[in-house]
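Colleague: Before I plan anything around this one, can you walk me through the labels people put on it? I'd like the reasoning behind each of them.

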Amino acid sequence: MCLIMLDMLMERGISLEKAISIVQLEKKTLSLELIHLDNAYGRILANPLNSKVNDPRFDNSAMDGWAVRKEDCSEGNETILQIVGISQAGNSESIRVGPGEACKIMTGAPIPIGADAIVMIEDSRPDNENVIILGPARRTYIRKKGENISQDEQVLSKGHYMDAASISLAATMGHETIEVFCKPVVGIISTGNELAMPGSEIKESQIYESNSFGIAALVEGIGGKPIRYETVTDSVEELRNSLDRATENCDLIITSGGVSMGDFDIVRKLMELEGEVAFWRIKMRPGGPPLFGKWKKTPIFGLPGNPVSSHLVFSMLVFPWFTASFGTHKNSKLTLGKKVRVKMLNDVKGAPGKLCLRRIKITNDTEGLIATTHTHQGSGNIHSMVAHNGFTLLPPDTDANIGDIIDAFWSN
């Protein structure tokens, strides 16, 4: 009776959009921690960040040159001005520029009182205590106080991914420390009798295990903390023990392999018998047979064993779990790529009834983005993920012919 009820509750063969909505409902409530900017790369802001200062803090010069009054300089004619001082970055000395005067100024230095324009150093010639102005005086060469950021302005939002530029911006705003989400701990378990670890002796019937390494890199790249567990053979008892260990330490579990319809697909079998399965199989190729559910209250993704499938399912289905948990938005910079429109230079076959993700190489041509294929498209060919930098987003029952403009995903 319990198995019948479970089978009725589990959804099968759903759309990717519906799968994502189910996954995001199981987002993790993450703890927060205060960290120094030295350790901020790749972290996710837990609270908005407001600027403590104006940027620029004061009117300053955008280049080396002369601070002048624009009305004193005549376009197209030489102008002789008296030098009254020098303004350099970090100097608090107050300098005043009056009629017929100029102050030498360095990039980033404060604009002297009375000056309203800058002449580039290249457009001048010194003449004892004077300077001969040969070129234009530009007001646009002055960086105005607060033109980039105003004091107390919210600049970075909750859920923002801290890349190098964002870290520099946080420092510019006066922040030494920031509050971020603790990294979700993700347990990664590969399954299969055929798997051997790289570097070990390998039998004729074996292949080197690769998925856990790739998945761990994906997890780390989007702000998680991966833990790779030992490979599990096709043993239900061994898998159960491994899942139990993972639930003690992890916020999320990702398995690889064992989710299809074969006799030794133990992840699916164990989850149906003892876990909670929200859905199994989605309308996507490659990557059709993943499952999602809970193992003892811990969310779990069962990814396909084929390496291309596991990477693509992570990008399309697992990634949204992270964005929901972090509360990120489209401008947060936390991304694995972006949706674009590309012109196909090869024919690409779609999939009956399924969203089709064919690997493509996207380049920027004079006519826009173009896409080509360079390897065969087998889901076991991880080289296709290296030889290409994106994949098609072909709707169900849709082929792409040479010259067609289609939706695609351009990877980072």
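Modeller: Sure, with the reminder that this is a predicted model. Let's start with the sheet: it is open, has 7 strands in the order 1-19-21-22-18-14-17, and its pairing is mixed.

Colleague: What makes strand 1 and strand 17 the edges?

Modeller: Count partners. Strand 1 (11-14) and strand 17 (225-228) each have a single partner strand, so one side of each has no neighbour in the sheet. On average, neighbouring strands here are turned by 25° against each other, ignoring direction.

Colleague: How do you know that strand 14 pairs with strand 17?

Modeller: Pairing takes at least two bridges. Strand 14 (residues 185-190) and strand 17 are joined by 4 bridges, so they count as paired, and they run parallel. As an example, Ile188 has Arg228 of strand 17 as its bridge partner.

Colleague: Which helices sit against this sheet?

Modeller: Helix 6 (residues 266-274) is one of them; it packs on the sheet and touches strand 1, strand 18 (252-256), strand 19 (276-282), strand 21 (291-295) and strand 22 (298-303). Its direction makes about 50° with strand 21. Helix 7 (residues 307-326) lies across strand 14, strand 18, strand 19 and strand 22, at about 160° to strand 22.

Colleague: And which residues touch the most other members of the largest nonpolar core?

Modeller: That core has 43 residues, and the ones with the most contacts to other members are Ile254, Phe279, Phe301, Phe314, Leu317 and Phe322. Helix 7 contributes the most, 11 residues. Phe322, for one, touches Pro184, Val186, Val219, Ile222, Gly224, Leu252 and Phe314, leaving out residues up to four places away in sequence. There is also another core lying apart from this one, with 20 residues, including Val232, Ala246, Cys250 and Val267.

Colleague: Why is Asn211 called buried?

Modeller: The cut-off is under 20% relative accessible area. Asn211 comes in at 6%, so it counts as buried. It belongs to helix 4, and beyond four places in sequence it touches Ser190, Ser256, Pro304, Gly305, Asn306, Pro307 and Ser310.

Colleague: What covers the buried residues of helix 4?

Modeller: The cover includes strand 14, strand 17, strand 18, strand 22 and helix 7. The buried residues themselves are Asn211, Ser212, Gly214, Ile215, Ala216, Leu218 and Val219. After helix 4 comes Gly223, with a positive phi near 95°.

Colleague: What makes the link between Asn54 and Gln151 a polar contact?

Modeller: The limit for a pair of N or O atoms is 3.5 Å, with one able to donate a hydrogen and the other to accept it. The backbone nitrogen of Gln151 is 2.9 Å from a polar side-chain atom of Asn54, so the distance falls within that limit. Asn54 itself lies in the loop between strand 3 (49-50) and strand 4 (60-61). Setting aside neighbours within four places, Asn54 also contacts Lys145, Gly146, Ile149 and Ser150.

Colleague: Last one: where does pLDDT stay under 50?

Modeller: Over residues 1-8, for which the model has 7 contacts beyond four places in sequence. Across the protein chain, the average pLDDT is 94, and 98% of the residues score at least 70.

Conventions
Residues are numbered from 1 along each chain as its sequence is written. This is a predicted model: local features need pLDDT of at least 70, side-chain atom pairs count only at pLDDT 80 or more; totals for chains, interfaces and linings use all residues. Side-chain values use heavy atoms; hydrogens and water are left out. Helices (H or I, at least four residues) and strands (E, at least two) are DSSP runs, numbered from the N terminus. Axes are lines fitted to C-alpha atoms, for helices over the stretch in contact, and angles run from 0 to 180 degrees between N-to-C directions. Contact means heavy atoms within 4.5 Å. A nonpolar core is a set of buried Ala, Val, Leu, Ile, Met, Phe, Trp, Tyr and Cys residues joined through side-chain atoms within 4.5 Å. Buried means under 20% relative accessible area, exposed over 50%, partly exposed in between (1.4 Å probe, protein chains only). pLDDT is the predictor's confidence in each residue, from 0 to 100.
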